[in-house]
Every structure is written in C-alpha cells, then in structure tokens.
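Reader: I have a structure open and want to go through it with you. Can we start with the overall picture and then go into the packing?

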Amino acid sequence: LITQLSIFPCVFQAILIFCWVYVRKYQSRRESEVISTITAIFALAVALISSALLPVDIFLVSYMKNQNGTFKDWADANVSRQIEDTVLYGYYTLYSIILFCVFLWIPFVYFYYEEKEEDDGNTCSQVKTALRYTLGFITVCAVLLLIGAFVPLDIPNKKNSTEWEKVKLLFEEFGSSHGLTALSFSISSLTVIGMLAAITYTAYGMSALPLNLIKGTTSAAYERLENTEDIEEVEQHLLRIKSKCRDGRPLSSRDRRTVQQLEERLRTLRRRERHLESIEKSWWTKFCEAIRPLKIVWGVFFIIVALLFTVSLFLSNLDKALHSAGFDSGFIILGTNLTNPLNMLLPVLQTVFPLDYILITTIVMYFIFTSMAGIRNMGIWFFWIRLYKIRRGKTRPQALLFLCMILLLIVLHTSYMIYSLAPQYVMYGSQKYLVQLGNVFRSSLILLLAFLLDQCIVTRTYLFLHKFWFFSAAYYFGNWAFIAVFLIGLIVSCCKGKKSVIEGEVDEDDSDMSDDELSVYY
C-alpha cells in the first residue's frame, strides 16, 4: 500500500509544474504581475490536487477487500474508519482552501489590480478599496455556510421507497460523525456554478477542439495576400473621400465618421500584416505544417473520446431516469442497470495500478484543454457583455484570474462528471461482495443493492457529492444540458470554415503596443 501511494507526491509535483507552464503560457509578458501569477497557479493547482484525491479515495476502499469479496485481515472496523477519516479530512482541507481562494484571495487580487489601473499611486487606497469589494464575496460565503449548517436534510419520502430509505441511511451515517454540512453545502454551490461553466465552455470545447485540429487553419501566405488587397481597397476609399476637400471645402460629419472608421480599419489591417508576416517566416509555422497529419489523427482521436464521453453520460443519465427513486432523492441510484463503456473499463484498469489513475488524470486534463478551447473561442462574458479575451501571451492579469477561477470551478465539477460517466467505479471502486446461495458463497461485481450497505464501503467522494438531494437533482438536469450543448456545438463547428491562422490575435480594440510581443511567439 505504501509503495503504491508513494506515486502521489510525484503527481503533486507534476500538477505544480503543469500549472506554472499553463499560466505562463497565457499571461501577458508586458502586463505580468507576480501576485496575480502566483494566485492563478496556486488556485488551479489546489483544484487539480482535489481532483487527484478522487482516485486515492477509490483506491483505498478497493484495497480493503480481497478478490473473493472478503475484507483483508488488517481492514477491521477501526482501521477502515481511520482510512475513511483521513480521506475525508483531506477533502475538508482542500475544499476549505478552495473557499478561501474563491471568496477571499482571488477577488481581493482582482479588485486590487482593477484599482491599480485607475489609481497608480496610493497603494493603501487600493488595498482598502479591494477589501471593501471583497467583503461582498465574504458575505456570500458566510451566507452559504450558514444555510449549509441549518438546511434540513430530511425531505418528504415516497411511500414504499425502500431504495431511498437505504440512501438516507448512508447520509445519516456520514453526517452523524463527520457532518460539516456547511462546508459541503458551500462546495456543492460552487460545483453547480462549475457545472454551468462546463455546460458553457467545456461542452462547446469538446466539439470545437477536435474539429479545429482536423480542419486546420488557412494558409498564412493566402491570408497575407487577401489582407494586402484589403489594405489597398481601404486606402483607395480614403483617398476618394479626402479628395472631396481638395478645393478647401470641409468634409461633412458623415464623411468624417467614415474616415475615422476607415483609418481604424487600416490600422487593424496593418497590424494583421505584421502578424501574418511574422507567422509566415516563423519556424513554428513550418513545424506545424510538418506535423499536420499528426494533428488530424489527434483530432479524430479527440472526437472519438468526446463521443465516448457523451454516450457514457447519456446512458448514465438514462439509467437514473429509469431506475432511480426520482426527483425527491436527487435521482440517486446505488447500482447500475444500464452499463456504459467507461463504467466497465475503469474497474478493470484498477486491477493494474496505476492505469485507472492515469485514465482519470487524462479525463481531467481533457476537460481542462477542451474548456480552454471553449474559453479561447468564446472569451469571458457577463451575459451579453464581453469582459476579456484569452490569448496566448497577451492575457491581462485580471483576465488570467477570471480564467483560473473558471477552470477551478470546472475542475471542481469534474469529480461529479466522472461519477456521471462511471457511477459504479466512483461509488465502490473494484470491491466485490459475498452472496450466499444455499451453502455456496459466490463473489461477483457489485450488482445487487441489498448487500451493498453491509458488505461494501462507499467512497467519501460519493457521500460528499450527494449529501444534498437538490444538488444531485441539479447535476442530473445539468448533464442533459451538457449533452444538448455538445451536440449543438458539434453542428456549429462542422458548419464553420477553417479558422484564421491569427484567429483572436488581432482585434480592432488592440493597441499597437501588443505587437511588441510578436517575436516571443512567432
């Protein structure tokens, strides 16, 4: 056991390295700030470490039992309880840090830099203003904690709903000695927000990322030729308008507005010209052209994975719709009636350590990259208002904090997403139980509900995620929305043409100073 768990310090180091590279890749070199960089790296790392605790939880409950369904000699009641408590306290610690980041540290740093741009002299004033705005987030956190501490878990029960009674027994056992319902309610609230972010960005990114890899981008030389023609056309249009005032007559207000718009358009086209020229001469462009067949292979692979996830999620949700105790129980089921590919694969991989851990890590990374693809394509919006653009090497500190906040919430939702993809694995891992038929004991995978509560240990992850039935119901409907958005995004991505080779790199609201960073990336 110690030998197998020794891999996790290496995992934590890998997570920190990944977060550092990821944040440094997108932050603006011209506007980079030390505090915002450290905050973004730390917040994203904590989220990923919390998701890395899921396989540990599943591994520990699985390791307590033999292949024949009996508990190992060392796994008595006290030892198993200590192991469960250790995992639970690990969740409490990480989730408390997440609450600290979401409701205190990230808002404070964000508002501090917002004030710094407006008032670049008085640091004390900036700190006071940032604390005043952050107080609103602290109030929201306090309200969530209070609601979670006193919210009633007992709800009206359906008549003869024996399955719900067994589910309630699980929650009562979990809550009697390790309640901390306030923390659970707050984290579940953040998970619901993460679910909305996943529906918005991840679902679309799952279709946009692979199809963009398959389609590729337009040729830099071809775009440059078109851009040159556009520059000539705009210049000629400007000359025609300005020729009206050669005899001393002033331009009309309409012509002046047109000249201003054309001059802005001309500046944008010239910036595009500089970017396209740099890309055309870049060694990175030549390298990408050389590995174009590999990109197509990766695109096909990613679209197959996306379809596999969608099918698994659909079957899992359909199983809940057909066999759960209904809305009042949060659509919870303790077994699986309609199996899906991932639910079958993960218990098999768990027998060869650490294959299941590698697969879950791959799933989390896949969600992050597809989320990032969705955010890059869409930008960060507040309803119909576009707040920030996310661009490689040009992301402002405030946008970087927003980005990591969104990714943190999406990763927080990933634990429930993995449960939706493989419910049996997340609940029990590879545990087996004994069924007595006459005088013969047989062991099998967990299929029968009647023996689960007595003979199998449920992961702390599952109980933490499903402590409140109404959140489970929200996750259930959120999964249907996720599937719908993915299918819509797939249709939209198929209908769209090739992306520009400088997609999102040059916009009319960019300053000419942004061209100073060209040499770093091209």
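Author: What follows goes from the whole chain to its helix packing, its cores and one tyrosine.

Author: This is a predicted model, where local features need pLDDT of at least 70, side-chain atom pairs count only at pLDDT 80 or more, and totals for chains, interfaces and linings use all residues. Residues are numbered from 1 along each chain as its sequence is written, and side-chain values use heavy atoms, with hydrogens and water left out.

Reader: How many helices and strands are there in the protein chain?

Author: The protein chain has 19 helices and 4 strands, taken as DSSP runs (helices H or I, at least four residues; strands E, at least two) numbered from the N terminus.

Reader: And how much of it is buried?

Author: 50% of the 522 residues, where buried means under 20% relative accessible area with a 1.4 Å probe, protein chains only.

Reader: How do α3 and α14 pack?

Author: Helix α3 (residues 34–63) and helix α14 (residues 397–421) pack at about 5°, with axes 9 Å apart. The axes are lines fitted to C-alpha atoms over the stretch in contact, and angles run from 0 to 180 degrees between N-to-C directions. That makes α3 roughly parallel to α14, a label for angles under 35 degrees.

Reader: Which residues make the contact?

Author: On α3 they include A40, L44 and L48, and on α14 they include L401, C404 and L408. Contact means heavy atoms within 4.5 Å. The residues of this contact divide into 14 nonpolar, 4 polar and no charged. Ala, Val, Leu, Ile, Met, Phe, Trp, Tyr, Cys and Pro count as nonpolar, Asp, Glu, Lys and Arg as charged, and the others, Gly among them, as polar.

Reader: OK, cores. Which residues touch the most other members in the largest one?

Author: L48, I98, I187, L190, F309 and I375, out of 122 residues. A nonpolar core is a set of buried Ala, Val, Leu, Ile, Met, Phe, Trp, Tyr and Cys residues joined through side-chain atoms within 4.5 Å. Helix α4 (residues 77–118) gives the most to this core, with 19 residues. A second, separate core has 9 residues, including V234 and L262.

Reader: What does I98 touch?

Author: Leaving out residues up to four places away in sequence, I98 touches V46, S50, I187, L190, L408 and L412.

Reader: Different topic. Where is Y475 found, and why does Y475 count as buried?

Author: Y475 is in helix α18 (residues 469–495). Y475 counts as buried because its relative accessibility is 0%.

Reader: How far is its C-alpha from that of H413?

Author: The C-alpha atoms of Y475 and H413 are separated by 9.3 Å, with the two residues 62 apart along the chain. H413 is also among the residues that Y475 touches, as are S188 and Y416.

Key: Parallel < 35°, antiparallel > 145°, perpendicular 65-115°, else oblique.
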